[in-house]
Amino acid sequence: VISPLPIPHETSLGNPKMHARVVNPALALDPEYWRALCPALHVGDDAFMASVKPMVVRGEIAQDARARLTKLGFTKIPGHRLNWRKAADHGKLARAVLTLLQHGWNPSWVLVYDEAWAIVQELSSFMYEATGNRINHDALVWHVSPHDENPTAFSPHRDRQPEDAPSTFREDGSSMYTTAWVPLTDATTENSCLCFIPRNQDPGYYAGDDDDPDAPPEKTDPLRLALPHKNAYQHITSVPAECGSVVVFTHRVIHWGSAPPPVEPASYRNSETENDAASSPRICVSFGFADAEYEPPYLTSSSNVGTGDVFPSLQKRVALVAAQMVSYHERFACDGKTLRLFHKLFTHDADSLDSSYKRKVLVEYVRAASSSSGGASDNGGRATTSRVTKKGDAKSTRAKHGDDACDAKKGTTATSEDDGDDDDDDDENSASEADASEENASDSDAMDAALETMLDAEIAGDGEDFEDDFDTLAREDGEYAETAQEEEAVKGRGAKRRR
């Protein structure tokens, strides 16, 4: 059982010297930093990586999984049918997620560790046999807790919204994009499990969704079409998944993570252990697998081994996670300083990321930088995060996972013997203004570089459409109501710079 994170004001969390706020690009690329942060895990350990092989799964299991994916759009393979090399590594990864959160990192940074990529290696043969797809590196890690003030799981969505949905299925009906969702702790109805609308209840699953802006919502909203009357709600399927199992689903199935109900009082439970289990977080990792004809891998690779891929280097792992944080900035909001760090990490090596994916991330960076306006922090120096709901209702909440390492460095309040000289205040204000000016200049330089890449891509004829996977559905609900105006502003700024 992974116990929930302690409440910050009750317990001192993490090592301030290793907090994400004090990490620069050089430190983020240093394997010793990550090893020191989570010493139970490996980073670039040749012996460990060489010991990981694709798991052998009985052939009928892969065949049955393929059949259920074609029929329903999702399936769960029980943990006792999967021959994991070391099931204990799931628990190590879950505990590492807690450590990362305590030090200000998003859970997805656990992808810097070999054990996370061991999951990909072990699943690679099974996923290829069951889906025909290979790893494409659209990877994320989640921590969802009954103690969260606001739901952190995704609301109902499809993973991809292609213009021609039928073309993303093969002749045999198999999907050209699938996700392997691996719970590192038990995912239950009490701490958030996945919910699905089966394919046979979803008219837009294969045919695609109508995006006619003039049509009424009842004719275009995928959820309304899939759930047209109260009896249809009985087909919604919750999929609790024990640690070590795998939930596989296609890019077109509507799914979401349930919002955990309030934790039951201890008096309802038979024992302290049962109460802890009910309130423990749901921690999971998801990896996208795709046919390269539909979506090429995000990371460049020099070679493939059988049906699996070699472990990415630390440099590529860091670039990927930083890029994912930018790509999903609407879900994982961060301040301007962190955003600039991510930009440096995913652009430091031009050969790490696939060019089309990198261009998309650069566009998202411009959008994120434009909306963040340098980020925000409260008076206590703690990071603030925005949780964006389906309707674009951004709710700012104080981060729960540790104080700013700079808190200890703040000046002390003047004593009664201090005359409170205004000159000191002026000096501090001048320094603050200088810091702000430097940050704004850094923001501008990074945005200019991103815009330059965007414009070069447009001139080359391959930078016309960088829409996020969720943009089409989200725009229908007004989440990106100003996207068109933002894009016009970007184009206008770029044209001005060209002139």
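Student: How many salt bridges does a search of the whole structure find?
Tutor: Keep in mind that this is a predicted model. Side chains of opposite charge can pair when their charged atoms come close. A search of the whole structure for such contacts gives a total of 17 salt bridges.

Student: Take Arg160, then. Which residue forms a salt bridge with Arg160?
Tutor: Arg160 sits in the loop between β2 (134-144) and β3 (177-183), and its partner is 22 residues away, in strand β2. Both residues of the pair are buried. The closest N and O atoms are 2.8 Å apart, and the partner is Asp138.

Student: And Arg158, which parts of the chain does its pair with Asp209 tie together, and how many residues apart in sequence are they?
Tutor: The salt bridge between Arg158 and Asp209 has its closest N and O atoms 2.8 Å apart. Arg158 belongs to the loop between β2 and β3, while Asp209 belongs to the loop between α7 (204-207) and α8 (217-220), so the pair ties together parts whose separation in sequence is 51 residues.

Student: Is Arg158 buried or exposed?
Tutor: The cut-off for buried is under 20% relative accessible area. Arg158 has 0% relative accessibility, so Arg158 counts as buried.

Student: Which residues join Arg158 in one salt-bridge network?
Tutor: Start from the Arg158 and Asp209 salt bridge. Salt bridges that share partners extend this into one network, and with Arg158 the members are Asp202, Asp209 and Arg252.

Student: What about Arg224, is that one buried or partly exposed?
Tutor: Arg224 has a salt bridge too, its side chain meeting that of Asp221 at 3.6 Å, N to O. Partly exposed covers the range between under 20% and over 50%. Arg224 has 43% relative accessibility, so the label is partly exposed.

Student: On to the helices. How far apart are the end C-alpha atoms of α6?
Tutor: Helix α6 covers residues 114-131, which makes 18 residues, and at 1.5 Å a residue the expected span is 26 Å. The helix also bends by about 45° at Leu123. The end-to-end value agrees with the expectation, at 24 Å.

Student: How many of the residues of α6 are buried, and which residue follows the helix?
Tutor: α6 is mostly covered, with 15 of its 18 residues buried. After the helix comes a residue whose phi is positive, near 80°, and that residue is Gly132.

Student: How are α4 and α6 oriented to each other?
Tutor: Two packed helices are described by the angle between their axes and the distance between the axes. For helix α4 (residues 59-72) and α6, the axes come within 8 Å and cross at roughly 50°. The crossing is right-handed. The angle falls outside the parallel, antiparallel and perpendicular ranges, so the two helices count as oblique.

Student: Which hand does the crossing of α11 and α12 have?
Tutor: Helix α11 (residues 314-327) packs with α12 at an angle of about 135°, the axes being 8 Å apart. That makes the two helices oblique to each other. As α11 passes α12, the crossing is left-handed.

Student: What span should α12 have, and which of its residues are buried?
Tutor: Helix α12 has 12 residues (residues 336-347), so at 1.5 Å a residue the span should be 16 Å, and the end C-alpha atoms are indeed 16 Å apart. The buried residues of α12 are Gly336, Leu339, Arg340, Leu341, Phe342, His343, Leu345 and Phe346.

Student: Now backbone angles. What is the phi of His137, and what is the phi of Ser192?
Tutor: Most residues other than glycine have a negative phi, and most peptide bonds are trans. His137, in strand β2, is buried at 5% relative accessible area, and Ser192, in the loop between β3 and β4 (194-197), is buried at 0%. Phi is positive in both, near 80° for His137 and near 100° for Ser192.

Student: Last one: what separation do the C-alpha atoms of Cys284 and His90 have?
Tutor: Cys284 is in strand β8 (residues 282-290) and is buried, with a relative accessible area of 0%. Cys284 and His90 are 194 residues apart along the chain, and their C-alpha atoms are separated by 9.2 Å.

Technical notes
Residues are numbered from 1 along each chain as its sequence is written. This is a predicted model: local features need pLDDT of at least 70, side-chain atom pairs count only at pLDDT 80 or more; totals for chains, interfaces and linings use all residues. Side-chain values use heavy atoms; hydrogens and water are left out. Helices (H or I, at least four residues) and strands (E, at least two) are DSSP runs, numbered from the N terminus. The expected span of a helix is 1.5 Å times one less than its number of residues. Buried means under 20% relative accessible area, exposed over 50%, partly exposed in between (1.4 Å probe, protein chains only). A salt bridge is a side-chain nitrogen of Lys or Arg within 4 Å of a carboxyl oxygen of Asp or Glu. The bend at a residue is the angle between axes fitted to the seven residues ending there and the seven starting there. Axes are lines fitted to C-alpha atoms, for helices over the stretch in contact, and angles run from 0 to 180 degrees between N-to-C directions. Angles under 35 degrees count as roughly parallel, over 145 as roughly antiparallel, 65 to 115 as roughly perpendicular and the rest as oblique. A crossing is left-handed if the near helix is turned anticlockwise from the far one by less than a right angle, and right-handed if clockwise.
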